[in-house]
Amino acid sequence: MAAPEERPAIRVALLGCGTVGSEVARLLTEQAAELAARAGAPVELAGIAVRRPDKHPELPPELLTADAEKLVTSDDVDVVVELVGGIEPVRGWLLAALKAGKSVVTANKALLAEHSADLFEAADAAGADLYFEAAVAGAIPLLRPLRESLAGDRITRVMGIVNGTTNYILSAMDSTGAGYAETLDEASRLGYAEADPTADVDGYDAASKAAILASLAFHTRVTASDVHREGIADVTAADLAAARGLGRTVKLLAICERVTDDDGVESVSARVHPVMIPRSHQLAGVGGAFNAVYVEADAAGELMFYGQGAGGAPTASAVLGDLVAVARNRVVAGRGPRESAHAALPVRPMGQTPTRYHVSLSVADRAGVLAQVAQAFADHGVSIAAVRQSDVGDRASLVVVTHQAPDAALQSTVDEIARLDVVHEVVSVMRVEGEDQ
Ligand SMILES: NC(=O)c1ccc[n+]([C@@H]2O[C@H](COP(=O)([O-])OP(=O)(O)OC[C@H]3O[C@@H](n4cnc5c(N)ncnc54)[C@H](O)[C@@H]3O)[C@@H](O)[C@H]2O)c1
Ligand SMILES: N[C@@H](CCO)C(=O)O
Ligand code: NA
């Protein structure tokens, strides 16, 4: 076999040269010799598509174009690296590239969470590769472990912090005691939240990632619309104070589970919502903009993946890893893993998903109140795990933590409790994960 530098180069079309793309372009140039040695052939930029080429004096003008559509099907291109983001027009470009036999590396979780089936089909038909490690948890190697290293195991659960912006905000609210709006303003001022933080704070970003994780973990097509989504905008300083009182904290978690019902029928549940977890839980110690994901599998047991989930260079690391994998496959005329959706499990609605609740109430401090509250739980078939009462003047603060019950039963219980005359205020309602110490 010829030396790597003597083999025909793998030619790369880079779409987008912003936060992540500019780091990919830099590393491709600076590490050209090492990348060639690892891939088995030189990996070279054939073109870079950006919205405004005149705004990029730092890039070689002969590589720049505003016409991504034309670049992706050019005969001179083997691999398309997409770092533009969003669904249209990117979906059309990538389908055209795959149909033309180009392999695709992308960091685009929004696109993959909606359209990975079409993209994989196009890749399969043309014998091309589709890699997307950077789309979930940035630099952290997580998707390839799920697709490859754990392909022989049976995964039962994937749970973690997959959005750095919301983790930063919740960590700050926990340490300062400040409210949500105030903390979001501060995060924006410091550059930890984007100008439009909607996709992060309302949980859309995490829900896309949950869909991708559930699809890979359970060999089932799961799209973003299958994921139950709640963001952090309704998390209050009172919620964090209630959590603190119980030795817990609040995190926005993506939780993907294989659920088996009493008849042995399996389904998949995927959800994103704020959760109270014990401070002793390893995810509680994940602060600031970091990401961490737990994977539980039958044979492997528990695995934890931790690191930087965003940022130009960390995300570019994952993109370049994929690019080397794709280049290696090209050099030996092979292919990476295809879509694995053979299990085709049904997706369980949130209402039927077993969860546990923490409910903090301000109630009248008189005989029979606790009995009325307990009766509401009993009426909905919800079993109570712990109750704590403390007196505050003529009122009492009542904290109830439940055992697992269908989420819909827990919701109806809380609705009924809120209507009881003896309940002055529902101070905080939140799902809980992890054992109490
Ligand atoms: N920034 C991060 O930390 C991070 C982390 C993980 C994944 N991602 C994903 O990576 C992708 C890129 O993110 P980013 O932060 O680098 O975005 P960015 O906004 O910094 O860069 C986007 C780039 O796309 C180009 N572009 C936009 N429209 C175009 C068009 N019509 N034709 C050609 N070029 C066009 C822009 O010129 C710009 O260079 C997104 O899918 C994002 O979700 C980003
Ligand atoms: N906006 C995302 C970037 C990584 O996908 C975050 O805050 O984690
Ligand atoms: Na990753």
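In this predicted model, an oxygen atom of ligand 1 sits 3.2 Å from a polar backbone atom of G18. Two further backbone contacts involve ligand 1. A polar backbone atom of R51 is 3.0 Å from an oxygen atom of the ligand. For G311, the distance from a backbone N or O atom to a ligand oxygen is 2.7 Å. On its own, ligand 1 has 840 Å² of accessible area, and the protein covers 75% of this. The shell around ligand 1 comprises 19 residues, with C17, T19, V20, R51 and G311 the closest. By class, 10 of the shell residues are nonpolar, 7 are polar and 2 are charged.

Ligand 2 has a shell made up of K109, N163, G164, T165, D200, D205, K209, G309 and A310. Here the listed polar contacts come from side chains. A polar side-chain atom of K109 lies 2.5 Å from an oxygen atom of ligand 2. The corresponding distance for T165 is 2.6 Å. In K209, a side-chain N or O atom is 2.8 Å from an oxygen atom of the ligand. The protein covers 85% of the 260 Å² of accessible area that ligand 2 has on its own. Helix 7 (164-176) and helix 10 are the elements that contribute two or more residues to this shell. Its composition is 1 nonpolar, 4 polar and 4 charged residues.

Salt bridges were examined next. Side chains of opposite charge can pair when their charged atoms come close. The count for the model is 26 salt bridges. One of them joins R144 to D322, with the closest N and O atoms 3.3 Å apart. This pair links distant parts of the chain: R144 belongs to helix 6 (residues 143-149), D322 to helix 12 (residues 312-331), and 178 residues separate them. The two partners fall into different burial classes because R144 has a relative accessible area of 26%, which makes it partly exposed, whereas D322, at 0%, counts as buried.

E266 and R154 form another salt bridge, their closest N and O atoms being 2.3 Å apart. This pair also connects distant parts of the chain, 112 residues apart. E266 is in strand 10 (residues 266-278), while R154 is assigned to the loop between helix 6 and strand 7 (155-161). R154 has 33% relative accessibility and therefore counts as partly exposed.

A third bridge pairs E339 with R221, at 2.8 Å between the closest N and O atoms. Both residues are assigned to loops, and their positions lie 118 residues apart in the count along the chain. E339 is in the loop between helix 12 and strand 13 (354-364). R221 is in the loop between helix 10 (204-218) and strand 8 (228-229). Both partners are partly exposed: E339 has a relative accessibility of 26%, and R221 has a relative accessible area of 43%. Elsewhere, salt bridges with shared partners join R157, E257, R271, E296 and E433 into one network.

A187 was considered separately. This residue lies in helix 8 (residues 180-189). A187 is classed as buried because its relative accessible area is 0%. Leaving aside residues up to four places away in sequence, A187 touches Y168, I169, Y192 and A193. A13 is 174 residues from A187 along the chain, and the C-alpha atoms of the two are separated by 34 Å.

Methods
Residues numbered from 1 in each chain as written. Chains lettered and ligands numbered in written order. Predicted model: local features only at pLDDT ≥ 70, side-chain atom pairs only at ≥ 80, totals over all residues. Heavy atoms only, no water. Helix = DSSP H or I, 4+ residues; strand = E, 2+ residues; numbered from the N terminus. Buried < 20%, exposed > 50% of the residue type's maximum accessible area, 1.4 Å probe, protein only. Contact = heavy atoms within 4.5 Å. Near = heavy atom within 4 Å. Polar contact = N/O pair within 3.5 Å; in protein donor to acceptor, adjacent residues only side chain to side chain. Areas by Shrake-Rupley, 256 points an atom, 1.4 Å probe, with all protein chains shown as cover. Nonpolar A, V, L, I, M, F, W, Y, C, P; charged D, E, K, R; others polar. Salt bridge = Lys/Arg side-chain N within 4 Å of Asp/Glu carboxyl O.
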